[in-house]
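Here are my notes on the model you sent. Please read them with the structure open.

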Amino acid sequence: MRKLLFFTICIGLVMGLTGCGCSSKDDTKLSDDKRVAITVDGHDVYLDEARYYAYSAQATNEVYYIANEPREIDWNQKVESGTAQNAIKGEVLDSICRRECFYDKREEYNVKLDSDEKKEVEKNVKNYFSQTSEKLKNKINISKKRLGEVFTKDMIATKVEDIMEVETKGLVGDYYKDFIDNASVNCEKCWSDINFQQHILSKKDMEAETGLATEVPEDTEEDTTLESVE
């Protein structure tokens, strides 16, 4: 049921935000950590963060597709929400909206990271820069400081959602649906400019890269893996 709810929301976001364009917040003179890509209910998500999630999802799907077909994915092939690229970007957008929804309630629930969790964030940042392919890192182009902030936000949002899951007795998905139904979500032009037309990973890359996971990712509620694009 929650998987279906997630799918419905992300399709709605894809269809509803297709025409979103540039506003005064999308200033090309700003650095990527100051240039707004998405606004969720008044909260700004900057371009470097949006690129991290979008291009990580692209790379994950390219690994998944090569491992299962095995051939490289065609991001222009048609699926229910338009193209394979639109479907994945819609899922990424929904994931970003969900993260902002629960992160915004961190003070209400007094959620912070403890020392062990902060060390985990530091470890994850270190692993990203030491284990991720150069091509993917160049596409994302995010600093260590900013990636630490992105990982921190994600961990806090997850903690808040877990608390609310217990508090609402399993109805946290309904809470998020109500939030997204009433939230104002705006995508700037720089979000639209993120595209998957240039593959991050090829079959040759997967054979050459030793720092990339090649196993098939598990299917989860917020999994940004395209299961079928036939």
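1. Q58 counts as buried because its relative accessibility is 0%, and the cut-off for that label is under 20%. Q58 belongs to helix α2, which spans residues 47–68. Leaving out residues up to four places away in sequence, Q58 touches W75, N195, F196, Q198, H199 and I200. Bear in mind that this is a predicted model, so the contacts of Q58 are computed from predicted coordinates.

2. How many of the residues of strand β1 are buried? Five of five are, and the strand, residues 36–40, is mostly covered.

3. Strand β1 pairs with strand β2, residues 43–46, through four bridges, and the two run antiparallel. Within this pairing, I38 has V45 of β2 as its bridge partner. The two strands make a hairpin with two residues between them. In that turn, D41 has a positive phi of about 55 degrees.

4. Strand β1 also pairs with strand β5, residues 185–187. Here three bridges join the strands, again in an antiparallel arrangement. Opposite I38 in β5 stands C187. I38 therefore appears in both pairings, with V45 as its partner in β2 and C187 opposite it in β5, where a pairing requires at least two bridges between the strands.

5. On the overall fold, the protein has nine helices and five strands. Read from the N terminus, the order of elements is α-β-β-α-β-β-α-α-α-α-α-β-α-α. Of the contacts between residues at least 6 apart in sequence, 80% join residues at least 24 apart.

6. On burial and surface, 48% of the 230 residues are buried. The protein exposes about 12,100 Å², and carbon and sulfur atoms supply 48% of that area.

7. On confidence, the average pLDDT of the protein is 85, and 80% of the residues score at least 70. Where does pLDDT stay under 50? One such stretch is residues 1–22, for which the model has 45 contacts beyond four places in sequence. Another is residues 210–221, with 23 contacts beyond four places in sequence. Please mark residues 1–22 and residues 210–221 in any figure.

How values were computed:
Residues numbered from 1 in each chain as written. Predicted model: local features only at pLDDT ≥ 70, side-chain atom pairs only at ≥ 80, totals over all residues. Heavy atoms only, no water. pLDDT = per-residue confidence, 0-100. Contact = heavy atoms within 4.5 Å. Buried < 20%, exposed > 50% of the residue type's maximum accessible area, 1.4 Å probe, protein only. Areas by Shrake-Rupley, 256 points an atom, 1.4 Å probe, with all protein chains shown as cover.
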